[in-house]
Amino acid sequence: PPFQLAYPAGCSKSDLDTRLPQQVMSMKTLDEDRLTAFVVDVETRIDLKDFGPNFYLPKFKALTPSASDIRIISNKEIVLKGNVRAYRIDITFRYDAWPINLYIVVAQRQNKFVYVAVSGWAGHSMDDEIKAAESLSFK
């Protein structure tokens with residue numbers, strides 16, 4: 001489904017990860033944070049509220065074996081532009097010894113999950129990147 005988001009000034013395009021065929025956008029911010037977007041088919045057994053714990057997290061763990069101390073801090077419903085129901089999932093983990101924050105905003109449209117993931121080193125503000133993820137809207 002066609003979608004758009006407003007990303008922070010100074011972002012630059014990054015190569016897509018060939019291990020992630022559902023990835024449709026990858027950007028890097030001036031602070032080296034990552035901003036990525038994905039479109040995946042809706043699995044009938046997954047409700048939007050369960051996307052983070054039951055869909056995203058198992059795939060993340062499989063693709064990121066160096067990650068440890070993975071915790072879902074928050075999994076809450078939000079409303080995006082156009083009164084679109086969505087969920088924001090806040091995750092913390094360690095990559096090797098480094099603490100990382102990961103924020104995901106996911107919405108459902110046309111039998112697809114569209115999600116934006118923002119990740120970066122813990123300890124600095126990612127407010128602009130989170131606003132970008134929450135700016136997800138559908139055309």
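A salt bridge is taken here as a side-chain nitrogen of Lys or Arg within 4 Å of a carboxyl oxygen of Asp or Glu. On that criterion, a search of the whole structure, which is a predicted model, finds eight salt bridges.

**Salt bridges**

Side chains of opposite charge can pair when their charged atoms come close. Three of the pairs are listed below with the N to O distance.

| Basic residue | Acidic residue | Closest N and O atoms |
|---|---|---|
| Lys28 | Glu32 | 3.6 Å |
| Arg85 | Glu77 | 3.1 Å |
| Arg88 | Asp90 | 2.8 Å |

Lys28 counts as partly exposed because its relative accessible area is 27%, a value between the limits of 20% and 50%. Its partner in the salt bridge is Glu32, a residue of the turn between β3 and β4 with a positive phi of about 70°. Arg85 and Glu77 form a salt bridge. Arg85 has a relative accessible area of 37% and is therefore partly exposed. Glu77 is also partly exposed, with a relative accessible area of 44%.

Are Asp90 and Arg88 buried or exposed? Both Asp90 and Arg88 are buried. Their side chains meet in a salt bridge, and together with Glu134 they are linked in a network of salt bridges.

**The sheet**

Seven strands make up an open sheet with antiparallel pairing, in the order β2-β3-β4-β8-β7-β6-β5. The edge strands are β2 (12-13) and β5 (67-80), each of which pairs on one side only. Strands of a sheet pair through backbone hydrogen bonds, either parallel or antiparallel.

Within this order β4 stands between β3 and β8. Strand β4 covers residues 34-41 and is mostly covered, with six of its eight residues buried. On one side, β4 runs antiparallel to strand β3 (residues 23-28), and five bridges join the two. In this pairing Gln23 stands opposite Phe38 of β4, and Met25 stands opposite Ala37 of β4. β3 and β4 form a hairpin, with five residues between the two strands.

On the other side, β4 pairs with strand β8 (residues 112-121) in the antiparallel sense over eight bridges. Here Arg34 stands opposite Ser119 in β8.

**Helix α1 and the aromatic groups**

Helix α1 (residues 51-63) lies across five strands: β4, β5, β6 (84-95), β7 (98-109) and β8. The helix runs at about 145° to β5.

How many aromatic pairs does a search of the whole structure find? The search finds eight aromatic pairs. One of them joins Tyr56 and Tyr115, whose ring centres are 5.7 Å apart; their planes meet at 85°, so the pair is edge-to-face. This pair links distant parts of the chain, since Tyr56 is in helix α1 and Tyr115 is in strand β8, 59 residues apart. Tyr56 and Tyr115 are both buried.

Both tyrosines belong to one aromatic cluster, which also holds Phe38, Phe51, Phe55, Phe60, Phe93 and Phe113. Among these, Phe38 is the β4 residue that stands opposite Gln23.

**Two further positions**

Leu16 is found in the loop between β2 and β3. Its relative accessible area of 44% is why Leu16 is classed as partly exposed. Leaving aside neighbours within four places in sequence, Leu16 is in contact with Gln23, Val24, Met25 and Ser26. Leu16 and Thr36 are 20 residues apart in sequence, and their C-alpha atoms are 8.8 Å apart in space.

Where is Ser137 placed? Ser137 is in strand β9, which spans residues 137-138. With a relative accessible area of 6%, Ser137 is buried, because buried means under 20%. Apart from neighbours within four places in sequence, Ser137 is in contact with Phe3, Gln4 and Lys81.

Conventions: Residues are numbered from 1 along each chain as its sequence is written. This is a predicted model: local features need pLDDT of at least 70, side-chain atom pairs count only at pLDDT 80 or more; totals for chains, interfaces and linings use all residues. Side-chain values use heavy atoms; hydrogens and water are left out. Buried means under 20% relative accessible area, exposed over 50%, partly exposed in between (1.4 Å probe, protein chains only). Helices (H or I, at least four residues) and strands (E, at least two) are DSSP runs, numbered from the N terminus. Two strands pair if DSSP finds at least two bridges between them. Contact means heavy atoms within 4.5 Å. Axes are lines fitted to C-alpha atoms, for helices over the stretch in contact, and angles run from 0 to 180 degrees between N-to-C directions. Rings of Phe, Tyr and Trp (its six-membered ring) pair if their centres lie within 6.5 Å; planes under 30 degrees apart count as stacked, over 60 as edge-to-face and the rest as tilted.
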